[in-house]
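Got the viewer open? Let's take a short walk, one selection at a time.

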Amino acid sequence: MTTPVTTPEEFIERWRTPPNKRVNNALTATGFSFPPALEVLDAVRQDEEARFTILGDEDWSVRMERTSAFRTAPVEEVATWTFRLVHFNLTRFYDGLLSGFQEQVMVPWRTQLSSWGFTWQRCAPLLFISTGGASSTYHNDNSHGLVWQVEGTKTFHSYRDPDQHLTAEAAVVGETTAEEPPEHDPADRESVRMGPGDRLWSHALTPHWVTTESPLAMSVTLSHGGLCREGRFAERELALRAYWDQHPDEAWKLDLRNVRY
């Protein structure tokens, strides 16, 4: 496993190139306290922009029934089902459930990045809630992500050398997304087990998948589109920029994630 990033100088030195790495909490300190995951789930699942998938080994008819009832069934019951949920627009909750998030998390982090010489085209939080046994798809993001594990435990799986498994050019055109990762040597894997409060830097266009290890888990990823420092993009993002130069009509259309729900 790679050594964690502990200082601003190390972050500046290592942000551009994989593998993914832990980030010391002191670099991203915040006074914001999330409501319990069950409370967040209950509010977010009822929002029309929430996206979810019912998983598990149950008969397809059971999964369909749970899909229909997901937004209205007692939340305590829903939390016993195997599912994954995402929400890409948390500003919808800034005046209520996540009051203070903008002032206590997003503004300080953007200010920190700016003080280190970074610019960006978008910096936005994404919410992920899942239950034990759930896994994300195998995918890559077109943006760098600061992954913040809030409640429960997840393991973030990626590769020590992504180029050996998926070139940046292949990632750009979406050759990554699948329900399961392809066969690979476990020794090539970079797996980071994350508990409450842990942070991880996930590089743009690097294939990865996330497994849930606790009964209920919640994380937030601060997603950075077009992150740049002193005119330099990350190595793999250069392939994305080159592709968009050739296909300007497609720029930012897949900015957040190449992931199916």
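Start by selecting Lys 154: this lysine is buried yet has no salt bridge, and the nearest side chain of opposite charge, Glu 213, is 10 Å away. Keep in mind as you look around that this is a predicted model.

So what does the Lys 154 side chain make a polar contact with? Add Ser 219 to the selection: the two side chains meet in a polar contact at 3.0 Å. Zoom out a little and you'll see that Lys 154 sits in strand 7, residues 154-159. Leaving aside residues up to four places away in sequence, Lys 154 also touches a mixed crowd, including Phe 128, Gln 149, Arg 193, Met 194, Thr 211 and Ala 217.

Next stop: helix 2, residues 37-44. Colour Ala 37, Val 40, Leu 41 and Val 44, which are buried. Now look down the axis of helix 2: its buried residues fall within an arc of 100 degrees, so they line one face of the helix. What do they pack against? Show helix 4 (75-78), strand 3 (83-87), strand 5 (122-131), strand 6 (144-151) and strand 11 (216-225), and you have the partners of those buried residues.

Last, the rings. A search of the whole structure turns up 16 aromatic pairs. For one of them, pick Trp 109 and Trp 116: they're edge-to-face, 6.1 Å centre to centre, with 90 degrees between the planes. Trp 109 counts as buried because its relative accessibility is 6%, and Trp 116 does too, at 9%. Extend the selection to Phe 11, Trp 15, Phe 118 and Trp 201, and you'll have the cluster that ring pairs link together with Trp 109 and Trp 116.

Key: Residues are numbered from 1 along each chain as its sequence is written. This is a predicted model: local features need pLDDT of at least 70, side-chain atom pairs count only at pLDDT 80 or more; totals for chains, interfaces and linings use all residues. Side-chain values use heavy atoms; hydrogens and water are left out. Helices (H or I, at least four residues) and strands (E, at least two) are DSSP runs, numbered from the N terminus. Buried means under 20% relative accessible area, exposed over 50%, partly exposed in between (1.4 Å probe, protein chains only). Lys and Arg count as positive and Asp and Glu as negative; His and the chain ends are not counted. A salt bridge is a side-chain nitrogen of Lys or Arg within 4 Å of a carboxyl oxygen of Asp or Glu. A polar contact is a pair of N or O atoms within 3.5 Å; within protein, one must be able to donate a hydrogen and the other to accept it, and residues adjacent in sequence count only if both atoms are side-chain atoms. Contact means heavy atoms within 4.5 Å. The arc is that of the directions from the helix axis to the C-beta atoms. Rings of Phe, Tyr and Trp (its six-membered ring) pair if their centres lie within 6.5 Å; planes under 30 degrees apart count as stacked, over 60 as edge-to-face and the rest as tilted.
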